[in-house]
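Me: I've got a protein model open and I'd like to understand the words people use for it. Can I quiz you on it?

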Amino acid sequence: MLTEERRNEIVAYIEEHKAVTVQELVDALDASAATIRRDLTALHDERRILKVFGGATSLSAKDVNTIEPSVAEKAQKNTAEKDLISEYAASLIQDNDFVYIDSGTTTLHLIDHITNKKAKYITNGVVHAKRLLERGLSTMIIGGRIKPVTEAVIGPDCVEALKKFHFTKSFMGTNGISVQAGFTTPDVDEALVKAEAIKHTYLSYVLADHSKFGVVSSVTFSDLHSCVIITDEEPNKKYKDQTIIKAVSIQEA
């Protein structure tokens, strides 16, 4: 297949599926991963697609988010659902756990429900560390650059520090959940931190209310099968085919 012909097929495939991974394109076009990555870079430079971490999205996709809302904005959304999800998540923490808590508004709700003072906690959230200390919990914070809009510690120093740890459980936030794109966030530096934390965790949970399903942000930080999803409503069956999902009812919380 000629290069231009293959790249046209890539664009058509991405426009049909809205968001795809490199591996999906490798399988669909019977090309090497290196070739697909070169094609995506060229197509991105030509403004025909949007190359993201681990794949690409369609430029016309209306559900691709590239802007990160502020903590204050996100804190006002779906508060009852976040509380429901985080209360159940907190009940999963056991005495011998070494827990990583990702920055984010839902994971901040989680801290308010933690009662286990025998477990140890580490976070990349500045506000999260303060809240953990206020609750009298064993607390560590990862070092690195602070991102003002999310009040999260990110950057290469943060990623490097995470490589030294081995967590029993991690509780992660996400901006979007998609079958094609996986778990996504608008910021590549934040995605790298999330990915590294999941890589060093025995069991990772993503805490996400129903509004996150079907949404794609510009950077993938994990495939769906790598994490258990805790949410407030039963999602479409296509998500259940990819990973374990716990939809928490009011009676269970």
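Me: Which residues does Asp102 touch, not counting residues up to four places away in sequence?

Reply: Asp102 touches Thr107, Asn124, His128, Phe171, Met172, Gly173 and Lys194, leaving aside residues up to four places away in sequence. Touching here means heavy atoms within 4.5 Å. Keep in mind that this is a predicted model.

Me: Where does Asp102 lie, and why does Asp102 count as buried?

Reply: Asp102 lies in the loop between strand 5 and helix 6. Buried means under 20% relative accessible area. Asp102 has 0% relative accessibility, so Asp102 counts as buried.

Me: How far apart are the C-alpha atoms of Asp102 and Val206?

Reply: They are separated by 9.5 Å, while along the chain the two residues are 104 places apart.

Me: What makes both faces of strand 5 count as covered?

Reply: Look at the two sides of residues 98-101. Phe98 and Tyr100 sit on one side, Val99 and Ile101 on the other, and all of them are buried. For each, that stands for a relative accessible area under 20%.

Me: How do you know that strand 5 pairs with strand 6?

Reply: The cut-off is at least two bridges. Strand 5 and strand 6 (residues 120-123) run parallel and are joined by four bridges, so they pair. One spot to look at is Ile101, which stands opposite Thr123 in strand 6. Between these strands the chain goes through helix 6 (residues 105-113), and this β-α-β crossover is right-handed.

Me: And what joins strand 5 to strand 10?

Reply: Three bridges do, and the two strands run parallel. Again the cut-off is at least two, so this is a pair as well. In strand 10 (residues 167-172), Lys169 is the bridge partner of Val99.

Me: Which order do the seven strands of the open sheet follow?

Reply: The order is 7-6-5-10-13-16-17, with parallel pairing. Strand 7 (138-141) and strand 17 (245-247) are the edge strands, as each pairs on one side only. On average, neighbouring strands are turned by 20° against each other, direction ignored.

Me: What joins strand 10 to strand 13, and what makes strand 13 mostly covered?

Reply: Five bridges join strand 10 to strand 13, and the strands run parallel. Met172 stands opposite Val206 in strand 13. As for the cover, strand 13 spans residues 201-207, and five of its seven residues are buried.

Me: How many bridges join strand 13 to strand 16, and how many join strand 16 and strand 17?

Reply: Strand 13 and strand 16 (residues 228-231) run parallel with three bridges, and Tyr205 stands opposite Val228. Strand 16 and strand 17 also pair in the parallel sense, over three bridges. There, Ile230 stands opposite Lys246.

Me: Why is helix 5 called oblique to helix 6?

Reply: Helix 5 (residues 79-90) packs against helix 6 at an angle of about 55°, with the axes 8 Å apart. Roughly parallel needs an angle under 35 degrees, and roughly perpendicular starts at 65. An angle of about 55° fits neither, so helix 5 is oblique to helix 6. The crossing is right-handed. Among the contact residues are Ile85 and Ala89 of helix 5 and His109 and Leu110 of helix 6.

Me: Why are helix 2 and helix 3 called roughly perpendicular?

Reply: Their axes cross at roughly 110° and come within 9 Å. The range for roughly perpendicular is 65 to 115 degrees, so helix 2 and helix 3 get that label. Val22, Leu25, Val26 and Leu29 in helix 2 meet Ala33, Ile36, Arg37 and Leu40 in helix 3. This crossing is right-handed.

Me: What order does the open sheet of three strands have, and why is one side of strand 1 and of strand 2 left without a neighbour?

Reply: The order is 1-3-2, with antiparallel pairing. Strand 1 (19-21) and strand 2 (50-52) stand at the edges with a single partner strand each, so one side of each has no neighbour in the sheet. The twist averages 25° from one strand to the next.

Me: How do you know that strand 2 pairs with strand 3?

Reply: Three bridges join them, and at least two are needed, so they pair. They run antiparallel, and Lys51 has Ala56 as its bridge partner in strand 3.

Terms used:
Residues numbered from 1 in each chain as written. Predicted model: local features only at pLDDT ≥ 70, side-chain atom pairs only at ≥ 80, totals over all residues. Heavy atoms only, no water. Buried < 20%, exposed > 50% of the residue type's maximum accessible area, 1.4 Å probe, protein only. Right-handed = clockwise from strand over helix to strand, strands pointing away. Axes fitted to C-alpha atoms, helices over the stretch in contact; angles between N-to-C directions. Parallel < 35°, antiparallel > 145°, perpendicular 65-115°, else oblique. Left-handed = near helix turned anticlockwise from the far one by under 90°.
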